[in-house]
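Thanks for coming, everyone. Let me put the structure up, and then I'll walk through it.

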Amino acid sequence: MPCERAERQEKPLQREKAHFRCAGGDALPQVARRGGVTPGGHSSLGHSGLGPRRGPTPLGDRSGTGRPPAVSAVPPRPSPACPAALPSRAPPGCRGPAQPRRAGRARRRSGGGGGPRAGRAVTGARFVLAALRLAGAALLSPGSCTFEDSACGYQWDYAHLPWTLHGEGHYISVDTSYEGEKAVLSSPDLYSEEWSCVRLIYQIARTSDTSPDPARLNLYLRQEGESFDRLLWSAKEPSDSWLIASLDLTNSTKKYKLVLEAKMGQDKSTSIAVFEIKITSGYCIECDFEENHLCGYVNRWNPNVNWFVGGGNIRNSQSILPKDHTLNNALGHYMYVDSVYVKHFQEVAQLISPKTTAPISGCLSFYYQLKQESSIVFTVYLRDMSGFYEEIWKTDSALNADWALAEVDFNAPYPMEVIFEVAFNSAKGGYVALDDISFSPVYCSNQTGAPFNPANAGCNFEEDLCNFYQDHKDGPGWSRVKVKRNVYRAGDHTTGFGYYLLANTKFTSQPGYIGRLYGPTLPGNLQFCLRFYYALYGFFKMSGTLAVYIFEENHVVQEKIWSVLDTPKGVWTQAEISFKKPMPCKVVFVSWCKSFWDCGLVALDDVSLSLGSCQAADLLLPTPGECTFEKDECVFTQKKRGRGSWHRKRGPTPTSYTGPKGDHTTGVGYYMYIEASNMVYGQRAYLVSRSLRGTSGKQCLTFFYHMYGAGTGLLSVYLKKEGDDEEIPLWRRTGEQSISWLRGLIEYESDRNYQIIFEAIRGVSIRSDTAIDDILFQAGPCLEVEEIQFSSGYPDSLNELEY
């Protein structure tokens with residue numbers, strides 16, 4: 001069908017896609033030509049004319065998932081006339097893709113696509129606006145790219161799959177027509193001392209939704225001076241339309257790059273495309289609704305009442321709608337909800353912001369207009385990753401005939417969404433309009449003083465009790481003790497030879513003994529995650545020997561929120577508790593000795609508090625350069641695998657009197673170790689990191705090691721620089737060290753790419769198990785200094801006890 005005829009016959013929402021199809025030809029991924037979202041990347045997903053007949057197309061899909069049903073799609077193939085590569089890297093004589101049509105791009109940017117803007121007549125004023133937007137596109141900020149006729153300084157890594165730039169379709173893609181695991185695209189050097197927002201318009205197309213290893217698109221931040229990239233965002237959901245992701249970048253004095261990584265997975269027919277990358281100053285939750293993508297705001301689909309795009313010289317509602325607030329004319333845009341489509345009482349429309357990806361606090365402001373004939377409830381909520389709602393603002397019942405400013409103190413220390421919700425009591429309730437959402441890091445209420453810092457509510461007890469205290473009404477209570485390296489008593493959890501708290505010692509063991517440890521006062525109405533490590537010794541029945549209470553209102557209201565049930569004896573075990581109280585409160589640790597005949601020791605260490613639920617914290621992206629071996633071996637591989645290699649294990653090792661009883665991370669997790677009974681004396685096992693990026697300046701490597709057993713051999717750490725055969729020794733321990741996990745610190749430098757190697761050598765007997773856990777690479781010098789030991793034998797202080 002000719003392009004012109006196709007455009008006439010399709011529905012209004014589809015016209016723009018028909019034009020895009022004709023302009024872009026087969027360069028556009030086939031999956032993008034089918035779906036309900038216009039390739040301009042807005043989130044106005046496939047309304048298909050359903051719902052209220054007289055109303056405009058709402059923002060959002062009916063499922064509320066943000067994408068239409070998946071369809072089978074065949075990924076595009078690069079043109080055989082030219083290798084699939086960026087034009088800037090194409091070999092001489094290669095004919096690059098055809099130049100894009102600027103007019104087509106201008107129409108796609110100005111035509112809008114979603115909401116009431118779809119299918120509207122383009123007046124002379126709209127041509128002016130289109131020209132202004134096209135001029136704005138030519139002045140993209142550094143790191144932004146629309147992939148119209150170049151890759152804007154983005155470069156692909158020749159060690160991996162090539163990216164293809166489609167000049168006609170205005171996007172860049174990679175697919176499985178070439179063999180390889182991934183494709184990497186890195187931005188030019190960027191620099192920003194202010195907060196900024198990265199918006200990524202992308203698409204993942206694959207033929208199977210049940211692949212065990214699906215395709216994935218990752219976005220990393222590569223900062224100057226760091227060996228590891230920080231994962232900012234990751235997506236694997238397939239879509240037959242363009243999707244949008246919004247990510248906050250905090251201000252920094254370091255140069256950085258954005259790195260896109262497309263992992264192809266195991267699906268034989270997969271395509272990953274990026275339509276646009278845009279970096280703007282400010283915060284991702286800010287929006288004036290003038291751009292087609294609407295800043296990533298989406299509508300939660302309701303069959304009867306929804307948020308619509310208003311303005312733009314259109315009047316397709318039965319209500320008399322206002323001019324927008326941004327431009328104060330008929331060309332500007334805003335969001336609105338009209339009660340004319342309400343069919344049932346108390347139906348709600350929700351407009352959902354992009355999720356915050358960095359902790360922010362300050363003043364959230366927006367303009368709204370409310371016209372009502374009966375009660376309208378307009379509310380703003382915060383919703384965390386676990387689905388918990390918190391109301392932060394609600395309109396009064398006064399009539400607002402003009403745009404009114406609303407300001408509310410905003411605190412998002414962990415990932416949250418802002419939800420603008422409107423509820424009507426009747427079909428004649430009027431309307432609510434919303435525009436110009438903005439954010440300032442200064443609180444609206446001019447409140448003074450620093451915000452609550454959860455780090456002040458934690459303690460590792462190395463120096464003192466921090467902000468914890470006890471009243472000693474029931475006896476000595478908790479004592480701060482230290483056990484030097486020894487093979488009889490385990491040391492603390494922090495370093496293996498530091499301080500921790502001990503209750504119910506032999507000097508205070510008596511029936512009914514209670515030791516209370518009080519934490520600092522915590523503000524009310526905040527979600528908290530409390531984590532701590534505990535170890536129990538000498539009890540026959542462990543149940544109830546340690547409990548955690550919440551004390552409110554001067555210790556009058558008490559509530560037990562956690563109690564130990566059962567745990568491995570003598571192992572530092574992690575506990576985590578989520579709680580939220582409306583009033584200020586304190587956390588209290590209570591140890592209890594049930595009877596004289598069943599009274600042991602309770603140890604406590606490394607208490608930490610963070611904002612948000614523990615479940616939400618578990619969903620956060622991993623710390624770059626950290627490996628706990630809980631899921632896999634991270635960036636490490638082995639020179640050879642077999643009986644004499646490193647093994648990933650949980651729980652105690654099979655040979656008695658050697659090896660750890662549990663891991664260092666949680667006490668019940670995984671660690672890496674060598675099983676001496678499978679090896680011969682002097683046999684070596686190597687754990688080698690992948691190639692790490694060289695940087696200028698010092699780097700710090702922290703890890704925990706376990707060397708317990710009379711026949712323990714040697715554990716060494718080496719640095720191997722790229723291009724050198726020599727392995728530089730950084731750290732070494734020989735012989736039995738302690739029954740505890742001990743911390744190792746290494747400070748090193750490498751301006752070239754390098755590898756870190758852990759080498760374990762089996763000792764003289766089968767009691768020679770050696771283990772490592774919790775490896776962490778950090779930029780900059782180590783905050784503490786550890787003496788480098790290359791001596792043989794036991795440490796001089798072995799088996800000394802200190803209280």
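**Contacts, cross-links and one sheet**

Start with Gln527. Setting aside neighbours within four places in sequence, Gln527 is in contact with Tyr414, Ser578, Phe579, Lys580, Ser610, Leu611, Gly612 and Ser613. Keep in mind that this is a predicted model. Where does Gln527 lie? It is in strand β24, which covers residues 526–537. Is Gln527 buried or exposed? Its relative accessibility is 13%, so Gln527 counts as buried. The cut-off for buried is under 20% relative accessible area.

Now the disulfides. How many are there? The count comes to eight. I'll show three.

The pair to look at now is Cys197 and Cys284. Their sulfur atoms are 2.0 Å apart, and they form a disulfide. The link is right-handed, with 105 degrees about the S-S bond. What does the pair tie together? Cys197 lies in strand β5, residues 196–206. Cys284 is in the loop between β10 (270–281) and β11 (298–300). So this disulfide ties together parts that are 87 residues apart in sequence. Both Cys197 and Cys284 are buried.

Next, Cys287 and Cys295. Here the sulfur atoms of the disulfide are 2.1 Å apart. The link of Cys287 and Cys295 is right-handed, at 80 degrees about the S-S bond. Cys287 has 4% relative accessibility, so it counts as buried. Cys295 has 8%, so it counts as buried too.

Then Cys459 and Cys466. A disulfide joins them, with S to S at 2.0 Å. Again the link is right-handed, with 70 degrees about the S-S bond. Look at the accessibility of each end. Cys459 has a relative accessible area of 5% and is buried. Cys466 has 38% and is partly exposed.

One further cysteine to note is Cys585. At 3% relative accessibility, Cys585 counts as buried.

On to charges. Side chains of opposite charge can pair when their charged atoms come close. How many salt bridges does the structure hold? It holds 15. Let me pick out a few.

Take Arg383 and Glu417. They form a salt bridge, and the closest N and O atoms are 2.8 Å apart. Arg383 lies in strand β16 (residues 376–384), and Glu417 lies in strand β19 (residues 416–424). The pair therefore ties together parts that are 34 residues apart in sequence. Arg383 is buried, with a relative accessible area of 17%. Glu417 is buried as well, at 14%.

Now Lys581 and Glu559. Their side chains meet in a salt bridge at 2.2 Å, N to O. Lys581 sits in strand β27 (residues 573–581), and Glu559 in strand β26 (residues 557–563). So the salt bridge ties together parts that are 22 residues apart in sequence. Is Lys581 buried or exposed? Lys581 is buried, with a relative accessible area of 14%. Glu559, at 36% relative accessibility, counts as partly exposed.

There is a network too. Salt bridges link Arg222, Asp229 and Arg693.

Last topic: a sheet. Strands of a sheet pair through backbone hydrogen bonds, either parallel or antiparallel. This sheet is open and has five strands. What is the strand order? Reading across, the order is β31-β34-β39-β36-β37, and the pairing is antiparallel. The edge strands are β31 (636–638) and β37 (728–734), each pairing on one side only. From one strand to the next, the twist averages 20 degrees.

Zoom in on one edge. β31 pairs with strand β34 (residues 684–689) in the antiparallel sense, over three bridges. Which residue is the bridge partner of Phe636 in β34? The partner is Ser689.

A salt bridge belongs in this part of the picture as well. The side chains of Arg684 and Glu759 meet at 2.8 Å, N to O. Arg684 is in β34, and Glu759 is in strand β39 (residues 754–761), so the pair ties together parts 75 residues apart in sequence. Arg684 is partly exposed, with a relative accessible area of 40%. Glu759 has 4% relative accessibility and counts as buried.

That's the tour. Happy to go back to any of these sites.

Definitions and conventions: Residues numbered from 1 in each chain as written. Heavy atoms only, no water. Pairing = 2+ DSSP bridges. Helix = DSSP H or I, 4+ residues; strand = E, 2+ residues; numbered from the N terminus. Axes fitted to C-alpha atoms, helices over the stretch in contact; angles between N-to-C directions. Disulfide = S-S within 2.5 Å. Buried < 20%, exposed > 50% of the residue type's maximum accessible area, 1.4 Å probe, protein only. Contact = heavy atoms within 4.5 Å. Salt bridge = Lys/Arg side-chain N within 4 Å of Asp/Glu carboxyl O.
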